[in-house]
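User: I would like to learn how to read individual features in a structural model, one at a time. Could we begin with the general idea in each case and then turn to the example at hand?

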Amino acid sequence: MARVQGKVAVVTGAAKGLGEAIALRLAEEGATLMLGDIDDEALTASAENCRAQGATVETLVGDVTEEGPATALVQGALDQFGQLDILVNNVGGSRNSKIWEMPVKDWDYTVKLNLRGTFLCTRAAVPHMMERKAGKIICLSSGAREGTPWTAYYQGGAAYSACKAGVHGFIRDVALELAEYNINVNAVAPGPIDTVKAGANLRELNETVEYSPNHMTPLGRLGTPREVADAALFLASDESSYITGHTIAVAGGR
Ligand SMILES: NC(=O)c1ccc[n+]([C@@H]2O[C@H](COP(=O)([O-])OP(=O)(O)OC[C@H]3O[C@@H](n4cnc5c(N)ncnc54)[C@H](O)[C@@H]3O)[C@@H](O)[C@H]2O)c1
């Protein structure tokens, strides 16, 4: 029996990077998927990869930091598949600057990208999950929730770190709110992961600076998207039924 067989999952930001890897891992383990992203072309390719694993997949192009598209993504899963078991709030990212130089618009952009979509999609999903007294919500935090040397020293990452600590706070509270409804709410906190986008910057830092990801990470290497997806899969599966309000670090020991 596959680990999420018969489950319906929504994954945000599923076209590329960790969202793509999480969608694929859920597909490999039997989930039916509603995938969302703003990148139409890449989303189509990601959905095809999941279908190649035998999964039934629908997609919706839209910005989940806005109320309409976030609600439509969740409602799309309910309309198409009649249920929603798993929500992966993956969308996030950063515009980095040293704190004394950070433009207000970059601060606001980062806060909105990491927190607003997570809130909107969770709010849209939980009434259905509460009614069924079942559900798994997985959010993407980061090792940055406790500060990241290679970002802080060289690029500045206070907005991003604040948001990813915010994700941890969000799942702590929402897990308590939803515990009586048997809904598990957890986060995965990746360290430096070799995605197409983040990996280029991380590899350059490895070559050029003292406080580099490899140097500061006990396992001494970048993580892979699949290693993050495996943790998300665990939290999405019944194997994690007694875990809620927890942030799992997938960060090579940092
Ligand atoms: N890659 C890492 O090393 C790393 C480390 C720690 C945490 N994270 C977190 O993991 C998550 C995924 O990171 P990633 O590196 O895969 O990012 P990425 O930028 O490679 O991919 C993000 C995906 O989300 C989509 N997207 C962006 N904004 C969107 C929006 N408003 N609405 C819908 N889709 C949108 C993009 O098109 C893209 O497909 C983020 O929350 C990130 O903060 C990543």
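User: How is the relative accessibility of tyrosine 211 to be read: is this residue buried, partly exposed or exposed?

Analyst: The model is a predicted one, and the class follows from two cut-offs, since buried means under 20% relative accessible area and exposed means over 50%, with partly exposed in between. Tyrosine 211 has 30% relative accessibility, and therefore counts as partly exposed. Tyrosine 153, at 48%, also falls in the partly exposed class.

User: Which arrangement do the rings of tyrosine 153 and tyrosine 211 adopt, and how is that decided?

Analyst: Two rings pair if their centres lie within 6.5 Å, and planes under 30 degrees apart count as stacked. By this rule there are two aromatic pairs. In the pair of tyrosine 153 and tyrosine 211 the ring centres are 4.6 Å apart and the planes meet at 25°, so this pair is stacked. The pair links distant parts of the chain, since tyrosine 153 belongs to helix α5 (residues 149–154) whereas tyrosine 211 sits in the loop between α7 and α8 (213–216), 58 residues apart. Together with Tyr154, these residues, Tyr153 and Tyr211, form one aromatic cluster.

User: What lies over the face of tyrosine 109?

Analyst: Here one looks for a charged group above a ring, and in this model arginine 95 is placed over the face of tyrosine 109, at 3.6 Å from the ring centre.

User: Which residues come nearest to the ligand, and what classes make up the shell around it?

Analyst: One can begin with the list of neighbours and then sort it by class and by element. The ligand has 27 residues around it, of which Leu18, Asp37, Asp63, Asn90 and Tyr160 come nearest. The shell contains 11 nonpolar, 11 polar and five charged residues. Looking at the secondary structure, α1 (17–28), α6 (158–178) and α7 (196–208) each contribute at least two residues to this shell.

User: Which atoms of the protein lie at short polar distances from the ligand, and how much of the ligand does the protein bury?

Analyst: The distances are read atom by atom, with backbone and side-chain partners kept apart. An oxygen atom of the ligand is 2.8 Å from a polar backbone atom of asparagine 90. On the side-chain part, a ligand nitrogen atom is 3.4 Å from an N or O atom of threonine 195, and a ligand oxygen atom is 3.4 Å from an N or O atom in the side chain of lysine 197. Taken alone, the ligand exposes 830 Å², and the protein buries 90% of that area.

User: Where is aspartate 85, and which side chains does it contact?

Analyst: A charged residue is best read by its position, its accessibility and its partners together. Aspartate 85 is placed in the loop between α3 (67–81) and β4 (86–89), and with a relative accessible area of 8% this residue is buried. Its side chain is joined to that of glutamine 83 by a polar contact of 2.7 Å, and to that of arginine 132 by a polar contact of 3.1 Å.

User: What sign does phi have in lysine 133 and in asparagine 182?

Analyst: The general expectation is that most residues other than glycine have a negative phi. Lysine 133, although not a glycine, has a positive phi of about 50°; this residue lies in the loop between α4 (104–132) and β5 (135–140), where its relative accessible area of 46% makes it partly exposed. Asparagine 182 likewise has a positive phi, near 60°, and is found in the loop between α6 and β6 (183–190), with 46% relative accessibility, so that it counts as partly exposed.

User: How far apart in space are residues such as tyrosine 242 and asparagine 182, which are 60 residues apart along the chain?

Analyst: For such a question one sets the separation in sequence beside the distance between C-alpha atoms. Tyrosine 242 and asparagine 182 have their C-alpha atoms separated by 9.7 Å, and tyrosine 242 itself, in the loop between α9 (225–236) and β7 (247–250), is exposed at 83% relative accessibility. Valine 4, in the segment before β1 (8–12), is buried with a relative accessible area of 0%; valine 4 and leucine 26 are 22 residues apart in sequence, with a C-alpha to C-alpha distance of 6.9 Å.

Technical notes:
Residues numbered from 1 in each chain as written. Predicted model: local features only at pLDDT ≥ 70, side-chain atom pairs only at ≥ 80, totals over all residues. Heavy atoms only, no water. Near = heavy atom within 4 Å. Polar contact = N/O pair within 3.5 Å; in protein donor to acceptor, adjacent residues only side chain to side chain. Areas by Shrake-Rupley, 256 points an atom, 1.4 Å probe, with all protein chains shown as cover. Helix = DSSP H or I, 4+ residues; strand = E, 2+ residues; numbered from the N terminus. Nonpolar A, V, L, I, M, F, W, Y, C, P; charged D, E, K, R; others polar. Phe/Tyr/Trp six-rings, centres within 6.5 Å; stacked < 30°, edge-to-face > 60°. Buried < 20%, exposed > 50% of the residue type's maximum accessible area, 1.4 Å probe, protein only. Lys NZ or Arg CZ within 6 Å of the ring centre and 35° of its normal.
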